[in-house]
Structure formats: C-alpha cells, structure tokens
Amino acid sequence: GDPDASRDEKKKRVRLPESGELSLQGFIEVYHKEVRAGKFWGVGHDMAVLGDPLPDDGVFTARYDRMYCSAAVQTTAVIDTPCEKSCPNAEEPSDHLPVSASFVAST
C-alpha cells in the first residue's frame, strides 16, 4: 500500500456495482450503517432535501473537543469558538470548531 495514504484512504473504498445502480436494499444498508455509527446528520440532511425533514431538536451545543494538561503546566488562556447556528454553515465551514489554549510551565 501507499505509505503516504491517509487513514481514511486506507479504509475499504465504497463503489457502486458494475451496473452503476445501487439496489434499494444496498441503499437501505448504507443508511443503517450511518445511523449505527451515530452519523444522523447525513440521514437528516438527505431527508430534508427529499422534503421529509426529521424533527429539529435545536442546535447541538455540547462539546466533544477537549484539551487536557497535567499539573506540570498552568493554563493562561483559553479560546473557545461557540456558534449559535448549526454547523457547518456559511460562517463556520466545519462541524469541528477550534479550541485553543496557552500554557506555561508550573513553578
């Protein structure tokens, strides 16, 4: 394999059957895999595009991204990037918002 290939590129690639058509069962299996993996946003987007949107529970405000440090450093600043709208959007092109911090060595 290509040593420079990213982890995602090394995963098994999905391809359409030779006919170029995905069967209804294949289509359903794709959605089942997405939902089992917790990727509801893809299914939700497709349902909305098809005119049958899923119920909206509002903007997801929890934070998954974390920074951890030990007692060997002291936090001097933290910059969080809150967003009031669902991401990605026109202002935030990703659903991963930056979190940054500055540290100094503890004395």
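Read from start to end, the protein chain runs α-α-α-β-β. That makes 3 helices and 2 strands. The model is a predicted one. The chain has 107 residues, and 7% of them count as buried. Its accessible surface comes to about 9,700 Å². Carbon and sulfur atoms hold 56% of that area. Now look at the contacts between residues with a separation of 6 or more. Residues 24 or more positions apart account for 50% of them.

Start with the helical part. Helix α1 covers residues 7-10, and a loop joins α1 to α2. Ser23 sits in that loop. Is Ser23 buried, exposed or partly exposed? Its relative accessibility is 42%, so Ser23 counts as partly exposed; the buried class ends at 20% and the exposed class begins over 50%. The side chain of Ser23 also makes a polar contact. It reaches the backbone nitrogen of Gly26, at 2.9 Å.

Next comes helix α2, residues 24-36. The helix has 13 residues. From its first C-alpha to its last, α2 reaches 18 Å. That is close to the 18 Å expected at 1.5 Å a residue. Past the helix comes Gly38. The phi of Gly38 is positive, near 80 degrees.

Ile28 belongs to α2. Its relative accessibility is 31%, and therefore Ile28 counts as partly exposed. Which residues join Ile28 in a nonpolar patch on the surface? They are Leu16, Leu22, Leu24, Phe27 and Val30. Together with Ile28, they have about 550 Å² of accessible area. Why can Ile28 be part of such a patch? Patches take residues with over 30% relative accessible area, and Ile28 stands at 31%.

Now move to the strands. Strand β1 spans 73-79 and strand β2 spans 100-105. A loop lies between them, and Asn89 is one of its residues. Asp80 is also in this loop. At 44% relative accessibility, Asp80 counts as partly exposed. How far apart are Asp80 and Pro98 in sequence and in space? They are 18 residues apart in sequence. In space, the distance is 6.8 Å, C-alpha to C-alpha.

Stay in the loop and find Asn89. Is Asn89 buried or exposed? With 17% relative accessibility, Asn89 counts as buried, because buried means under 20%. Its side chain has a polar partner. A polar atom of that side chain lies 2.8 Å from the backbone nitrogen of Glu91.

Asp95 shares the loop between β1 and β2. At 45% relative accessibility, Asp95 counts as partly exposed. Which residues does Asp95 touch, leaving aside its neighbours within four places in sequence? The answer is Cys87 and Pro88.

To retrace the path: Ser23 in the loop before α2 contacts Gly26 through its side chain. Ile28 in α2 adds to the nonpolar surface patch. In the loop between β1 and β2, Asn89 is buried, while Asp80 is partly exposed and Asp95 is partly exposed.

Technical notes
Residues are numbered from 1 along each chain as its sequence is written. This is a predicted model: local features need pLDDT of at least 70, side-chain atom pairs count only at pLDDT 80 or more; totals for chains, interfaces and linings use all residues. Side-chain values use heavy atoms; hydrogens and water are left out. Patches are made of residues with over 30% relative accessible area and no salt bridge: like charges are joined within 9 Å, nonpolar side chains (Val, Leu, Ile, Met, Phe, Trp, Tyr) within 5 Å. Accessible areas come from the Shrake-Rupley method with a 1.4 Å probe; for residues, only the protein chains shown count as cover. A salt bridge is a side-chain nitrogen of Lys or Arg within 4 Å of a carboxyl oxygen of Asp or Glu. Helices (H or I, at least four residues) and strands (E, at least two) are DSSP runs, numbered from the N terminus. Buried means under 20% relative accessible area, exposed over 50%, partly exposed in between (1.4 Å probe, protein chains only). The expected span of a helix is 1.5 Å times one less than its number of residues. A polar contact is a pair of N or O atoms within 3.5 Å; within protein, one must be able to donate a hydrogen and the other to accept it, and residues adjacent in sequence count only if both atoms are side-chain atoms. Contact means heavy atoms within 4.5 Å.
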